[in-house]
Amino acid sequence: LCGDQLTVWLKMDGDTIADVSFVGSGCAISKASASLMTGEVKGKTRAEAERAFARFHDLVTGKLDVAAERESLGRLAAFSGVSRFPARVKCASLAWHTMKAALAKKGAGPVSTE
């Protein structure tokens, strides 16, 4: 609907995300979220990255107690207000959904989250 498009690359070293990057076009929310996602999941195991996805999804959908979690969220806390704008939740979570789909595929090649 909004036209945001991101490509996310994951370089795996066994079960660990050795490197992650993205390229794409879109609104400031989707690009900022993708940028912070790369820092959040690099060096994490597949399971840790999936937990980070779930936590971020809870954050942007308003299911996370931000006041209690603010310190542990770090820079991701900037997305706590996204839940007040349902049309922007998809923007904020686009890169995260793409990363999660790529982890679930467990193989080389493109994944689409359209």
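Does A77 count as buried or exposed, and at what relative accessibility? In this predicted model, A77 lies in the loop between α3 and α4, and because its relative accessibility is 9%, A77 counts as buried, the cut-off for that class being under 20% relative accessible area. A77 and A67 stand 10 residues apart in sequence, and the distance between them in space, taken from C-alpha to C-alpha, is 9.6 Å.

The packing of helix α4, which spans residues 86-105, can be described through two of its partners, beginning with helix α1. The axes of α1, made up of residues 28-41, and of α4 come within 8 Å and cross at roughly 35°, and the crossing in which α1 passes α4 is right-handed. On the α1 side the contact is formed by I29, S30, S33, A34, M37, E40 and V41, while on the α4 side it is formed by R88, C91, A92, A95, W96 and M99. When the residues of this contact between α1 and α4 are sorted by character, 9 are nonpolar, 2 are polar and 2 are charged.

Helix α2, which covers residues 46-60, also meets α4, and here the two axes come within 10 Å and cross at roughly 160°. Because angles over 145 degrees count as roughly antiparallel, α2 is described as roughly antiparallel to α4. The crossing of α2 and α4 is left-handed. From α2, the residues R46, A49, E50, A52, F53, F56, H57 and V60 take part, and they meet V89, A92, S93, W96, H97, M99, K100 and L103 of α4. The residues in the contact of α2 with α4 comprise 10 nonpolar, 3 polar and 3 charged ones.

Two residues of these helices may be followed individually. A92 is found in helix α4, and because its relative accessible area is 0%, A92 is buried. With neighbours within four places in sequence left aside, A92 is in contact with I29, S33, F56, V60, F79 and V82. The C-alpha atoms of A92 and F22 are separated by 14 Å, although these residues are 70 residues apart along the chain. I29, one of the contacts of A92, is found in helix α1, and its relative accessible area of 25% means that I29 is partly exposed. Beyond its neighbours within four places in sequence, I29 is in contact with F79, R88, C91 and A92. Between I29 and E40, which are 11 residues apart along the chain, the separation of the C-alpha atoms is 16 Å.

In soluble globular proteins, nonpolar side chains tend to be buried together. In the present model, the largest nonpolar core contains 28 residues, and those that touch the most other members are M37, V41, F56, L59, F79, W96 and M99. Two or more residues are given to this core by each of the elements β1 (5-13), β2 (16-25), α1, α2, α3 (66-73) and α4, and the largest share, 7 residues, comes from α4. M99 illustrates how such contacts are distributed along the sequence, since, with its neighbours within four places left aside, M99 is in contact with L10, M37, V41, A49 and F53.

A further position is found in one of the strands. G24 has its place in strand β2, and because its relative accessibility is 38%, G24 counts as partly exposed, a class that lies between the limits of 20% and 50%. If residues up to four places away in sequence are not counted, G24 touches Q5, L6 and K31. The C-alpha atoms of G24 and D58, which are 34 residues apart along the chain, are separated by 24 Å.

Terms used
Residues numbered from 1 in each chain as written. Predicted model: local features only at pLDDT ≥ 70, side-chain atom pairs only at ≥ 80, totals over all residues. Heavy atoms only, no water. Axes fitted to C-alpha atoms, helices over the stretch in contact; angles between N-to-C directions. Helix = DSSP H or I, 4+ residues; strand = E, 2+ residues; numbered from the N terminus. Left-handed = near helix turned anticlockwise from the far one by under 90°. Contact = heavy atoms within 4.5 Å. Nonpolar A, V, L, I, M, F, W, Y, C, P; charged D, E, K, R; others polar. Parallel < 35°, antiparallel > 145°, perpendicular 65-115°, else oblique. Core = buried A, V, L, I, M, F, W, Y, C linked by side-chain atoms within 4.5 Å. Buried < 20%, exposed > 50% of the residue type's maximum accessible area, 1.4 Å probe, protein only.
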